[in-house]
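Trainee: I've got a new model open and could use a hand. Can we walk through its pockets together?

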Amino acid sequence: MSDRLLFLGPPGAGKGTQAQLLAAERNLLHLSTGELLRAEVQAGTELGAEAQAVMTRGELVSDALVLAIVRARLLNHDGGWLLDGFPRNLAQAKALSQLLEELQQPIEHVVLLHLDDGILLQRLLSRGRDDDNEEVIRNRLEVYREQTAPLIALYRQLGLIREVEAEGAVEVVAGRVSQLVGQPL
Ligand code: ADP
């Protein structure tokens, strides 16, 4: 059984949905940096205003800002967690590994969701969030390829990657994820 998980995959692969389901099933803290940032925007905080402009362009919010968000939540939490949408680049991954070393809470699995680019685009276009128009989506996919995808090699080297095919109904994919992280490494 695994209590400290990281979800990785392109925008539109269903990370948020699957992370939420698994977190509920395993009673883990679901930490989605995207959701936390959207909550700041909604609440009209200074931090939210800073993040909003960047998010609507499909670019990444500053590393310092997201790291502060994650750090505060993990420091105040006892028990398992699931990170969704963080880390998103190498600098964030390094900062995370330092934080986890400090907390003595190593990552147990990195769940990598796979989905075909055509399906990703379709899903994102039908979702209709503020940052889900075609141009911004293309930008987010590019940012993923350039900045986030290199993390796959990093976590693969550490032997943490567990791959899941993300095509199919939500419950079907959820079953795959659940089975995968229920197994010992
Ligand atoms: P998706 O998985 O569809 O890209 P998210 O909810 O994870 O959606 O993220 C939405 C936006 O929030 C991103 O495009 C980015 O601007 C910002 N964001 C989320 N997480 C991070 C992060 N770790 N670092 C920088 N920006 C982030």
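Mentor: Sure. Keep in mind that this model is predicted. Start with the lining of the largest pocket: 14 nonpolar, twelve polar and ten charged residues.

Trainee: What volume does the largest pocket have?

Mentor: About 690 Å³. It is lined by 36 residues, and Lys15, Gly34, Arg38, Arg88 and Arg129 are the closest to its centre.

Trainee: Which element gives the largest share of that lining?

Mentor: That is α2, with five residues. At least two residues each come from β1 (4-8), α1 (15-26), α2 and α7 (134-148).

Trainee: OK, where does the ligand sit?

Mentor: In the largest pocket. There are 19 residues around the ligand, and Thr33, Glu59, Arg88, Gln92 and Arg140 come nearest. Helix α2 (residues 33-43) gives the largest share of this shell, four residues.

Trainee: And how do the shell residues divide by class?

Mentor: Seven are nonpolar, four polar and eight charged.

Trainee: Which atoms of Arg88 and Gln92 should I zoom in on?

Mentor: Look at the side chains. An N or O atom of Arg88 is 2.9 Å from a ligand oxygen. A polar atom of Gln92 lies 2.9 Å from a ligand nitrogen. The protein buries 96% of the 540 Å² that the ligand exposes when taken alone.

Trainee: Switching topic: what lines the second largest pocket?

Mentor: 13 residues, with Ala93, Ser97, Ile107, Tyr155 and Leu158 nearest its centre. Two or more come from each of α5 (90-103) and α8 (150-157). The largest share, seven residues, is from α5. By class, the lining has ten nonpolar, one polar and two charged residues.

How values were computed:
Residues numbered from 1 in each chain as written. Predicted model: local features only at pLDDT ≥ 70, side-chain atom pairs only at ≥ 80, totals over all residues. Heavy atoms only, no water. Near = heavy atom within 4 Å. Polar contact = N/O pair within 3.5 Å; in protein donor to acceptor, adjacent residues only side chain to side chain. Areas by Shrake-Rupley, 256 points an atom, 1.4 Å probe, with all protein chains shown as cover. 1 Å grid on protein atoms, 1.4 Å probe; cavity = no way out; pocket = protein on both sides within 12 Å on 5 of 7 lines; lining within 4 Å. Sits in = over half its atoms within 2 Å of the grid points. Nonpolar A, V, L, I, M, F, W, Y, C, P; charged D, E, K, R; others polar. Points joined across faces, edges and corners; volume = space filled by probe spheres on them.
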